[in-house]
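Please open the model in a viewer and keep the sequence panel visible. The tour below proceeds from the whole chain to single side chains and then to the ligand.

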Amino acid sequence: MKNRFDMEFIGISENEAFARTVVAAFTAMLDPTVEELAELKTAVSEAVTNAIVHAYPEESGFVVLSGRIDGNTVYITISDNGIGIADVDKAREPLFTGKPEEERSGLGFSIMESFCDSITVTSGLGEGTVITLEKRFGGSKGEI
Ligand SMILES: Nc1ncnc2c1ncn2[C@@H]1O[C@H](COP(=O)(O)OP(=O)(O)OP(=O)(O)O)[C@@H](O)[C@H]1O
Ligand SMILES: [Mg+2]
C-alpha cells in the first residue's frame, strides 16, 4: 500500500507521546507485530525528544512529523528549524551527548539505529535537523 501524512506541532514535552501515538496509529495499517511497533515508537520518541530538548534551547519551536508507507516499509521524518548539529558523525557516536550536565546518556541515535533498518540525519548549524527513520514490516498487508 501507499499512504502518507504530514503534521506540525510545538516542541514541548507533552507532544512527545502525541507524536509517538500518531506514528503507531499510522503504522497499524501494516499489521505490525507488537515488538515491531514498540521498536518504531521508541525510535520516534528519541528523535522527537531530541528536537524538543536540543533543537530549541531558548524558546520552543515547531517540529514537523511526516510519515510515508510504501509497500511494507514505513518512513518517518522528524524535522526542526532549530540550532542544528555541528558534527553529525560525532553526534551519532554511542554515548556522545552535547548535554552531559543534564545527565543524558547520549544513546538516542544508537537506539534509533538499532530499532530501524536505516536512519539518515541531515543537519547544519543554524539550519535545523532532519531525521528519517526507515523500517520494514513483515506483515502481509503491506505487500501489494
Ligand atoms: N534535533 C537536534 N538538534 C540539535 N542537536 C541535536 C538534535 N538531535 C541530537 N542533537 C545533538 O546530538 C547529541 C546526541 O543525541 P542523542 O540522542 O544520541 O543523545 P542525547 O540526546 O544527548 O542523550 P539521550 O538521547 O540518551 O537522552 C545531543 O546531545 C545533541 O547535542
Ligand atoms: Mg537524545
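**The whole chain**

Begin with the complete protein chain, which is a predicted model. For 144 residues, a compact globule would have a radius of gyration near 15 Å, and the protein chain has 15 Å, so the two agree. Along the principal axes, the C-alpha atoms of the protein chain fill a box of roughly 45 × 30 × 25 Å. Switch to a cartoon display: 4 helices and 5 strands make up the secondary structure of the protein chain. Traced along the sequence, these elements follow the pattern β-α-α-β-β-α-α-β-β.

**The sheet**

Next, select the strands. In what order do the 5 strands stand in the sheet? The order is β1-β2-β3-β5-β4, in an open sheet with antiparallel pairing. The edges are held by β1 (2-10) and β4 (118-124); each has a single partner strand, so one side of each is left without a neighbour in the sheet. From one strand to the next, the twist averages 10 degrees. As a general matter, strands of a sheet pair through backbone hydrogen bonds, either parallel or antiparallel.

**From β1 to β3**

Select β1 together with strand β2 (residues 62-70): the two pair in the antiparallel sense over 9 bridges. Two positions serve to check the register. Phe9 has Val63 in β2 as its bridge partner, and Asp6 has Ser66 in β2.

Now add β3 (73-80). The antiparallel pairing of β2 with β3 extends over 8 bridges, and Val64 has Ser79 in β3 as its bridge partner. Where the chain passes between these strands, β2 and β3 form a hairpin with 2 residues between them. Click on Gly71 in this turn, which has a positive phi of about 65 degrees.

Then display helix α1 (residues 14-27), which lies across β1, β2 and β3. The helix runs at about 170 degrees to β1.

**A stop at Thr77**

Select Thr77, which is placed in strand β3. Which side chain makes a polar contact with that of Thr77? The side chain of Thr132 does, at 3.2 Å. Leaving aside residues up to four places away in sequence, Thr77 touches Val64, Leu65, Ser66, Val130, Ile131 and Thr132. Val64 was met above as the bridge partner of Ser79, and Ser66 as that of Asp6.

**Ligand 1**

Finally, centre the view on ligand 1 and show its surroundings. There are 19 residues around ligand 1, of which Asn50, His54, Thr97, Gly98 and Ser105 come nearest.

Three side chains merit a distance label:

- Thr97: an N or O atom of its side chain is 2.5 Å from an oxygen atom of ligand 1.
- Ser105: an N or O atom of its side chain is 2.9 Å from an oxygen atom of ligand 1.
- Asp80: a polar side-chain atom lies 2.9 Å from a nitrogen atom of ligand 1.

To end the tour, switch on the molecular surface. On its own, ligand 1 has 600 Å² of accessible area, and the protein covers 91% of it.

How values were computed. Residues numbered from 1 in each chain as written. Chains lettered and ligands numbered in written order. Predicted model: local features only at pLDDT ≥ 70, side-chain atom pairs only at ≥ 80, totals over all residues. Heavy atoms only, no water. Pairing = 2+ DSSP bridges. Axes fitted to C-alpha atoms, helices over the stretch in contact; angles between N-to-C directions. Contact = heavy atoms within 4.5 Å. Near = heavy atom within 4 Å. Polar contact = N/O pair within 3.5 Å; in protein donor to acceptor, adjacent residues only side chain to side chain. Areas by Shrake-Rupley, 256 points an atom, 1.4 Å probe, with all protein chains shown as cover. Rg over C-alpha atoms; globule rule 2.2 N^0.38 Å.
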